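This note is for a colleague who is coming to the structure for the first time. Please read the numbered points with the sequence and the model side by side.

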Amino acid sequence: MMGLDRNTNTRSRDYLEGMLSDYVGGKVKGKPQKSTSARLVTALTCLQFAFAVYATFLLYYMSPSIDLRTKPDFTWATKIAQQWKQYIIPPHIIGHYQDSASLVRLAEIQSITPSEICEHEKIDFEQKKSNDAQMIKLKTELYNEVLDFQSKNIGTETLAQLMAMKSKWDLKGPNRPKVTVILNHFKRKTLCAQLDTLLQQTLPFHHVWVLSFGSPNELSLKRIVDSYNDSRISFISSSYDFKYYGRFQMALQTEADLVYIVDDDMIPGKKMLQILSHVAGTEKYKNSVLGSIGRILPFRQKDFTFPSYRKFRSKEAGLYLPDPAYDITLDKIVQVDFLSSSWFLSAELIKTLFIETPFTFSTGEDLHLSYQLQKYRNAGSFVLPVDPKDKETWGDSEHRLAYVSETTVIFKDIVQVRDDQWWKALSTGYITQWAAMHPQKIDALFYAHSVDEVKALAPLIEKFRSTVGKKAYIAVSGGNFCPCEDAATALKWPKLVCKERRFKIFDLAVGALSGISNSEVVVLQGVYASMKGLIKIHNPSVVITVADIDPNVKKTLKMATETNGNGTTLVLLPRPSISKVLWMADLRTTALPNWNRMRISINIITQNRAHSLTRLLKSLSDAYYLGDEVPISFNMDSKVDEATIRLVSSFDWPHGPKTLKRRIIQGGLIRAVSESWYPSSDDDFGLLLEDDIEVSPYYYLWIKYALLAYHYDPQVSLPELSSISLYTPRIVEVVKERPKWNPTQFFKNIHPNTPYFHQLPCSWGAVFFPKQWREFYVYMNMRFTEDAKKNPVQIPKSRTNGWQASWKKFLIDMMYLRGYVSLYPNFPNQASFSTNHMEPGAHISAKDNVVKHDKSDFEVPLLKEDFRNFLPGGKLPPASRLPSLNLFNMPVSLKGLKAAGAKLGQDVIGCNNATEIVMVDHQTGLPARCARF
């Protein structure tokens, strides 16, 4: 070097002296001679001024604010410089010495070649091989399980099969992709090896960007890049260390189609760009990130916790793929939870990495990339297979630098950070391979956007979690909205639940995600993406939140529950109702998704009892409706009075649409009731109420609970159930003597408050099922007669045989003949969900009604407290344990009821009186055939 420095100084000195001598010789011709010293001073002064001007323009051009790529117009500066140059030094002298200097500099540059300055990493160790037979067995078993699952569910291909797939990119055709390769270097001496193999790729790269952020080797790295003298290879450096995310930030600037980000420990084979580009251009893998090394995150242990991903001698700790230490090589493409050391993906996908602020910038960019891509783009991460006989297909042709150990995560504190990071991802909807292979099934997933909402939901959460066999978790918005620790405190849980790797509470961190933004878009995007993932992982029967949650969040939750198509139902509960529906936790998991399926309409029959109607409407308004839409209709005969019309017209019903219907011609009670409702679907249920009825605040809860338990549970088969009564009778209505009857006393040996099935339909508050109501319409049409004695159905010993103008008489006949029953409540003192005030009307106190009615036999107390406390075991019993009664309040099995109807043999079509009853088309209600029972 010293010699080189001396030669340079000598050339410079000769250059200066030659300029001076030529200048002096050229200017003094034909003029008086001046002293030698004066001429020399003059020449030096002019030369000094010329250098000053030259240096000024040179510094301006070198300024970082000047972008030479834009070709700015500096012609004005050029003209000035040329004019000054002519006054100072003749052009021929300048050109002569500039050419000489250029030749000197060119010779110096050309003398630097990669072979002279490249340093290579010395690999003087062999790949580690495990001799732990148990670990080899565990790792191999887990890998085979993963591969078998993926082969069956998404399909896995060999390298040859991948290359045979149709791709949008063509190596030789017009659709050759542009690939930008990004190499990030710090201390390793592998840059030359990487550049050499990239220059020999079967698919040429578009650009290579060599990054040096805070590297102590920056100057040597730059010299290496310069030595290659390739315009496609650029060197980008910074004294600040942008760490692992900097290379991805640089990737945002590329104009290429694809980006290949490679660690400094990877020496890709010469066919790698061709293979990666081809696979990335296939329809199946176009929305993916591809690589050569990946990891499958931990599986759940037997104690329902998740281990560290670096746990030793643990199958559940996951896999590192490929893993030469355990002889695990990849001959088929494998989906992993994140990639390491290299990432190949569409340039469009890179921006996804920065949607959420990383858990930490100190490590974990590999996991964060895969997590964000899946969460927001439904993109997978895949490790490509290799040809073991062709190193040029390997993502790392050395197979030792990268594979020997995960050098960035061998320290305990880094392992802890990465454990926290992947658990955070799994808790916010990251569908890992464990989650895909082992789909969970829980009963309920609660969501709370604020601490107040957590407190409101707390009783139901606690009920679910304390019920044997039930699973329920809660997700909270996190951040400034509802931190996990505050939610845990509200639920009276230890704050440790926010740290342990066990499913219980999920902090979505959307409050932190929004930062200082005033836009709801960021929050809604975070809630949707996280809840969509959690729902897919845990498959809850219901997602439960408060009805008054932010409207935009409500829409987001609705989208998340509907997107997966796994049958999850969004339940929006008004806060006052939450403590009243603790029985939700007692429903089967299979029944819960039907929460919103039924539509219960209220159908009121009224004419001229405005005072009674006012009482009924008040009781209906005071009831709990769980946020359901409940339509209400008023059915008025032609003789309706003015007060009733004014009342129904002014009545405000906030729970659903209100409909008014008025007959032109007086029809009487039989038409008023039977025509008050007709089902629009098999999920449309009709509650029929005369205006002298009053209901309990809990009546709707009883209907909904019973429907979900006995009608909408796929595990319950109860085709005999045709209605649900709100009322508990105190007398045996169909017997002439009408004896008093107390079900609490009657069923004391089973349970004093067990609900029961009864063959008698209720006309004082009952919900009728759509299929049987259609059937009833057809039956009554076929059997209706003005003269009751002409009715062909005569039930032995039943006083209903003589009833005239009674819709209930025809319903009793049909239920008796076909073995249908109604569900009745049974509580102390015959407290019910409805009562009949026995006020004068079409039947009560009618002139032609010879039967006298004692009000105390019909008017029962209304339930004013939670009925769940009275039920056997605090919940509705299984349908198989409910007792059943015939029309005369005698215990008879459901099969026995059918046998009695068949024996009577008076249905609309003839069947075998011993073994068959009539079956109908439930869509039309028309009798179809006889069937054995």
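1. Two residues are said to be in contact here when heavy atoms of theirs lie within 4.5 Å. With that in mind, and remembering that this is a predicted model, one may note that residues 24 or more positions apart account for 80% of those contacts in the protein that have a separation of 6 or more.

2. As for the overall make-up, the secondary structure comes to 29 helices and 29 strands, and buried residues make up 53% of the 933 residues in the protein. The protein exposes about 43300 Å², of which carbon and sulfur atoms supply 54%.

3. In what order do the strands of the open sheet of nine strands lie? The order is 19-18-17-20-24-22-25-23-27, and the pairing is mixed. Strand 19 (658–662) and strand 27 (884–885) are the edge strands, each of them pairing on one side only. Within this sheet, strand 23 (residues 756–758) and strand 25 (residues 821–824) run antiparallel and are joined by three bridges, with Phe 757 standing opposite Leu 823 in strand 25.

4. Helices also pack on this sheet, and two of them can be described together. Helix 23 (residues 642–650) touches strand 17 (599–606), strand 18 (632–636) and strand 19, and its direction makes about 155° with that of strand 19. Helix 27 (residues 770–783), for its part, touches strand 20 (684–690), strand 22 (721–725) and strand 24 (766–768), and the direction of helix 27 makes about 65° with that of strand 20.

5. A packing of helix on helix deserves its own point. The axes of helix 28 (residues 807–818) and helix 29 (residues 894–904) come within 5 Å of each other and cross at roughly 105°, which means that helix 28 is roughly perpendicular to helix 29. Helix 28 contributes Tyr 816, Leu 817 and Arg 818 to the contact, while helix 29 contributes Leu 897, Lys 898, Ala 900, Gly 901, Ala 902 and Leu 904. Sorted by character, the residues of this contact divide into six nonpolar, one polar and two charged.

6. Strand 13 (472–476) is worth a careful look, because five of its five residues are buried, so that the strand is largely enclosed by the rest of the structure. In a regular strand the side chains alternate between the two faces of the sheet. Here both faces of strand 13 are covered, since Ala 472, Ile 474 and Val 476 on one side and Tyr 473 and Ala 475 on the other are all buried. Strand 12 (residues 444–448) pairs with strand 13 in the parallel sense over five bridges, and Leu 445 stands opposite Tyr 473 in strand 13.

7. Is Ser 477, which lies in the loop between strand 13 and helix 17 (484–490), buried or exposed? Its relative accessibility is 0%, so Ser 477 counts as buried. Leaving aside neighbours within four places in sequence, Ser 477 is in contact with several residues, among them Tyr 447, Ala 448 and His 449, as well as Cys 482 and Asp 507.

8. Ser 115 offers another case to examine, lying as it does in helix 5 (residues 114–117). Ser 115 has a relative accessible area of 67% and is therefore exposed, the cut-off for that term being over 50%. In sequence Ser 115 and Cys 192 are 77 residues apart, whereas in space they are 9.0 Å apart, C-alpha to C-alpha.

Notes. Residues are numbered from 1 along each chain as its sequence is written. This is a predicted model: local features need pLDDT of at least 70, side-chain atom pairs count only at pLDDT 80 or more; totals for chains, interfaces and linings use all residues. Side-chain values use heavy atoms; hydrogens and water are left out. Axes are lines fitted to C-alpha atoms, for helices over the stretch in contact, and angles run from 0 to 180 degrees between N-to-C directions. Helices (H or I, at least four residues) and strands (E, at least two) are DSSP runs, numbered from the N terminus. Angles under 35 degrees count as roughly parallel, over 145 as roughly antiparallel, 65 to 115 as roughly perpendicular and the rest as oblique. Ala, Val, Leu, Ile, Met, Phe, Trp, Tyr, Cys and Pro count as nonpolar, Asp, Glu, Lys and Arg as charged, and the others, Gly among them, as polar. Buried means under 20% relative accessible area, exposed over 50%, partly exposed in between (1.4 Å probe, protein chains only). Accessible areas come from the Shrake-Rupley method with a 1.4 Å probe; for residues, only the protein chains shown count as cover. Two strands pair if DSSP finds at least two bridges between them.
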